[in-house]
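The following exercises are meant to be worked through with the sequence and the coordinates at hand. Each one sets a task and then gives a solution that goes step by step.

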Amino acid sequence: MNLRIPGPTPCPPDVLEAVARPMINHRGRLFADLIQRVSGRLREFFQTKGDILILTGSGTGGMEAAVVNTLSPGEKVLAVSIGEFGRRFAAIARAYGAQVMPLDYEPGQAAQPEDIRRALGEDPDIVAVLVTHNETSTGVTNPLREMAQAVREFDRLLLVDGVSSVGSIPVETDAWGLDVVISGSQKGWMVPPGLAFLSLSERAWQAQQRARMPRFYWDLAKHRDSLAKGQTPWTPALSVLFGLEVALERMAREGLEAIFARHAGLGQMVRDGVKALGLELLADERFASNTVTAVKMPPGIEAKALTRLLEEEFDVVLAGGQGNLAGKIFRIGHLGWVTEEDIRQTLTALERALPRLGYALPVYRQAR
Ligand code: PMP
């Protein structure tokens, strides 16, 4: 099966073998070595010298951990949203009593750093900014470096949802001054769902001490103290961690820059390919994501019919749209363990499936 959704992503066979290993004592030496090795290695991909914590939970759990560990009820936050996941970050902050100031953009658009600068300039009470780096629901990558620069000018806290970006496209946690960055195991990391990764800056740890939102499972001070002893406060998803170590070895062999270049190349290949079929991208192409592409459904064709046909007859699994975009777009994931051949297959399947649903391919395509 060619699983081309933006996570869970396919896992290489050696990762799956590792996931099937027998359990070990999570309070023993073997585990201590494992968690310390893996957290150390994650630092390279987050490009940070700061702390990385591994939590058992999905990406959303990581986002909730970021919020409850840095904020207090009643505090004002600027929630920058360019899609579903931006809105989710805002909803989490609201659920815990933050006063959320939304900064929303149309689907397909990226956020503008100047808007953040203006909002922070106008309201000195905003203590933190919530940002999605790569918006998986629209296939847009925000200009995070420039956005972070605006936040740093005002010295506010910056929480970044990097769930579908870290490890696949460049995220320079320390150099850009990102306070908390969150990712999830089932994305570019090529391992099954079940773990969230968080980086924390010194500023984030200071906020952690002041923050008064309720927390227990996600109390990051407990996680940091446990990690110092080679443990986690609660029983971790051991199998996923076994897989992660193998995946990180693979990633280290390929090299950070080569991984970024591969994703950039595949992203371009997908965009060129869908446009050659006469289809339109949802994203403003200047900010198109190199991990996921959202494509507008051609008029008169049902998204569900397309994804069903692709899955049943071509063995290619694509994602539909989420929220307001349900039925209006389909999405192609191209992050993690993915090659040009996987993308070629996907594009060929689209080219064959669409006409069967009544779509007229561009004339130069029909001639083939
Ligand atoms: N943020 C982004 C950008 C995502 O792509 C996802 C997962 N699709 C999440 C957050 C939520 O992660 P999870 O589904 O692992 O909770």
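**Exercise 1. Decide whether Ser-289 is buried or exposed, and describe its surroundings.**

Solution. Ser-289 has a relative accessible area of 1% and is therefore buried, where buried means under 20% relative accessible area, exposed over 50% and partly exposed in between, with a 1.4 Å probe and protein chains only. The model is a predicted one, in which local features need pLDDT of at least 70 and side-chain atom pairs count only at pLDDT 80 or more, while totals for chains, interfaces and linings use all residues. Residues are numbered from 1 along each chain as its sequence is written, and side-chain values use heavy atoms, with hydrogens and water left out.

The next step is to place the residue: Ser-289 lies in the loop between α11 and β11 (292-296), with helices (H or I, at least four residues) and strands (E, at least two) taken as DSSP runs numbered from the N terminus. Its side chain makes a polar contact of 2.7 Å with the side chain of Asn-134; a polar contact is a pair of N or O atoms within 3.5 Å, and within protein one must be able to donate a hydrogen and the other to accept it, residues adjacent in sequence counting only if both atoms are side-chain atoms. A polar atom of the Ser-289 side chain also lies 2.9 Å from the backbone nitrogen of Thr-291. Leaving aside neighbours within four places in sequence, the residues in contact with Ser-289 (heavy atoms within 4.5 Å) are Asn-134, Gly-139, Val-140, Thr-141, Arg-271 and His-334.

**Exercise 2. Work out which side of helix α12 is buried, and what covers the buried residues.**

Solution. Begin with the length: the 12 residues of α12 (residues 303-314) should span 16 Å at 1.5 Å a residue, and the end C-alpha atoms are 16 Å apart, which agrees; the expected span is 1.5 Å times one less than the number of residues. The buried residues of α12 are Ala-303, Leu-306, Thr-307, Leu-309 and Leu-310. They cover an arc of only 160 degrees around the axis, which puts them on the same side of α12, the arc being that of the directions from the helix axis to the C-beta atoms. An α-helix has 3.6 residues a turn, so residues three or four places apart point the same way. On the other side of α12, Lys-304 and Glu-312 are exposed. The cover over the buried residues of α12 includes β12 (316-317), β14 (329-333) and α13 (340-356).

**Exercise 3. Find what is unusual in the backbone at Asp-315, Asp-155 and Pro-8.**

Solution. The background is that most residues other than glycine have a negative phi, and most peptide bonds are trans. Asp-315, in the loop between α12 and β12, has a positive phi near 60 degrees although it is a residue other than glycine, and with a relative accessible area of 41% it is partly exposed. Asp-155 likewise has a positive phi, of about 55 degrees, and is not a glycine; this residue is found in the loop between α6 (144-153) and β8 (157-161), and its relative accessible area of 53% makes it exposed. At Pro-8, which is in the loop between β1 (2-3) and α1, the peptide bond from Gly-7 is cis, with omega near 0 degrees.

**Exercise 4. Determine which residues and elements surround the ligand.**

Solution. The shell around the ligand holds 13 residues, of which the closest are Ser-58, Thr-60, Thr-136, Asp-161 and Lys-187; a residue is near a molecule if one of its heavy atoms lies within 4 Å of it. Oxygen atoms of the ligand are then examined for polar partners: a polar backbone atom of Gly-59 is 2.8 Å from one, a polar side-chain atom of Thr-60 lies 2.5 Å from one, and a polar side-chain atom of Thr-136 lies 2.4 Å from one. The protein covers 87% of the 390 Å² of accessible area that the ligand has on its own, areas here coming from the Shrake-Rupley method with a 1.4 Å probe. The elements that give two or more residues to the shell are α3 (59-70) and α4 (84-95), and α3 gives the most, with three residues.
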